[in-house]
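Here is a short briefing on one protein model. Start with a single side chain, then move out to the sheet and its helices.

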Amino acid sequence: MTEADLVLVVDFGAQYSQLIARRVREAHVYSEIVPRSMPVAEMLARNPAAIIFSGGPASVHADGAPDIDNAIYSSGVPLLGLCYGAQLIARDLGGEVAKTGRGEYGRTELTVNQGGAMFRDLPATQSVWMSHFDTITRAPEGATVYASTQDTPGAAFGDEARGIYGMQFHPEVGHTEHGNAMLKAFLYGVAGCRPTWTNVSIIDQQVAEIRAQVGDARVICGLSGGVDSAVAAALVHKAIGDQLTCVFVDTGLLRKNEAEQVEDTFRRGFHVDLIHVKAADRFLAALEGVDDPETKRKIIGELFIRIFEETASEVEGDPQFLVQGTLYPDIVESGGGDNANIKSHHNVGGLPDDMKFELVEPLRHLFKDEVRAVGEELGLAEEIVWRQPFPGPGLAVRIIGAITPERVAILQNADAIVVEEIKRAGLYREIWQSFAVLPAIKSVGVMGDERTYAYPIVLRAVTSDDAMTADWARIPYDVLERISSRIINEVPGINRVAYDITSKPPGTIEWE
Ligand code: XMP
């Protein structure tokens, strides 16, 4: 297998660093984000085919503005600076970045003056996305100005001899009409990258790495029913077959028929050694009388771990390796980490620090969409690969107040109708999550001339890219109507359906 070319995205604190890395990968070139504090020698030791400087919120003139060892400019590695990155290059290499008092925000018209590799086949005027306050008023010494806007004379520049380029705008965002074409021109045309990073190459590489890491040892993997753990398990199974044992803890708080689906996929579809622990009674007993959201989360997280450890200790060969479906954004984001604790997230991987396992994380370099593509390539069922995210504590955080077997059943039935109707309307993939919530109040209604006094279901459906922010989904009225009437007709104990039209922030996606 040939090594894929590597593009490093140096993060100067941008909102868009991950997006840059994703765009590069969509062009089939492998890309990783590195902090700007990484020594330049360390970056170069990775032998990158190109380096991209991200944007960032600072002014290059501010005290303590993030910068980088100037040795990078004479490394000979093709370099592209975006927004702040472009301003940094301009400042460091003899150009000028001024506070003109005329920043640009949003869609802006760009005029291409004299082509250059990145604009050669593109229209002379086009729309680009800007978000900056300082302005590049003079390009670096020796660089050619390729394009400008009304307020930014040096909106794109390049020094072909040195392989150093800058763009004041953001080619990585969708609003920049020809952004992808520009990035590809840089990657292929300037840096000579080869488009070899594909799902097949990802699988081959991970299979080789997993084999090298675990040798002939036994490995254990917790399955949650979600796409990440399923793809991680399928990859590890492809690499080491029977050395893998999967453990699926049925908490009784899963979606309707979910346990059967997981069992079917892994035991019957993949012939994986699967231990299905039926622990609904233990979870319900532990949650009895508990209605505080954080207490619920802690109880579930702890019990889950206890059961997982108990089961693992009984697996043949005493496994020392644990597979986790950690994704790239988890790794990138855990770099920061002084965010307020809004909710204690528990997922299958939430194991204690003193655990005995060594981790196997075959998805740690992948974004969610890449994980889905790999899952499809590995032959996982569509229902698993395209499943909407589901919280580790399951339906417990969608049942407000007390959790009883009856209330779990009500919610499972209502939720199944939501999923069915959203799928039938062809909306399941474009909606980030759509589900039912069961509040702890009752209201009066009338059904068949009888007074009813029963629970409502709250329908929650959001669009989002990453769950950090979300908007309520504009579901067509007729779909809402069908969901509402089916839930009320088919789910005993429900007499009303409401739709939650709160974005995140200020709401969160889940109700608890
Ligand atoms: P919130 O409710 O915080 O949710 O807006 C953001 C995303 O995270 C999911 N979520 C969880 N996932 N364990 C998980 O693995 C958890 O404890 C948990 N709580 C929320 C939620 O479904 C949404 O996708």
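Leaving aside neighbours within four places in sequence, Arg-25 is in contact with Tyr-30, Ser-31, Trp-197, Tyr-328, His-365, Leu-366, Phe-367 and Glu-370. The model is predicted. Arg-25 belongs to helix 1.

**Arg-25**
- Is Arg-25 buried or exposed? Its relative accessibility is 3%, and buried means under 20%, so Arg-25 counts as buried.
- A polar atom of the Arg-25 side chain lies 3.0 Å from the backbone oxygen of Ser-31.
- Ser-31 is also listed among the contacts of Arg-25.

**The sheet**
- Nine strands make up an open sheet with mixed pairing.
- Their order is 2-1-3-4-11-10-9-6-7.
- Strand 2 (30–35) and strand 7 (125–132) each have a single partner strand, so one side of each lacks a neighbour in the sheet.
- On average, neighbouring strands of this sheet are turned by 25 degrees against each other, direction ignored.

**Strands 3 and 4**
- Strand 3 (residues 50–53) and strand 4 (residues 79–82) run parallel, joined by three bridges.
- Within this pair, Phe-53 stands opposite Gly-81 in strand 4.

**Helices on the sheet**
- Helix 3 (residues 84–92) packs on the sheet and touches strand 3, strand 4, strand 7, strand 10 (156–159) and strand 11 (164–167).
- The direction of helix 3 makes about 115 degrees with that of strand 4.
- Helix 1 (residues 17–26), which holds Arg-25, lies across strand 1 (6–11), strand 2, strand 3 and strand 4.
- Helix 1 runs at about 160 degrees to strand 2.

Definitions and conventions
Residues numbered from 1 in each chain as written. Predicted model: local features only at pLDDT ≥ 70, side-chain atom pairs only at ≥ 80, totals over all residues. Heavy atoms only, no water. Pairing = 2+ DSSP bridges. Helix = DSSP H or I, 4+ residues; strand = E, 2+ residues; numbered from the N terminus. Axes fitted to C-alpha atoms, helices over the stretch in contact; angles between N-to-C directions. Contact = heavy atoms within 4.5 Å. Buried < 20%, exposed > 50% of the residue type's maximum accessible area, 1.4 Å probe, protein only. Polar contact = N/O pair within 3.5 Å; in protein donor to acceptor, adjacent residues only side chain to side chain.
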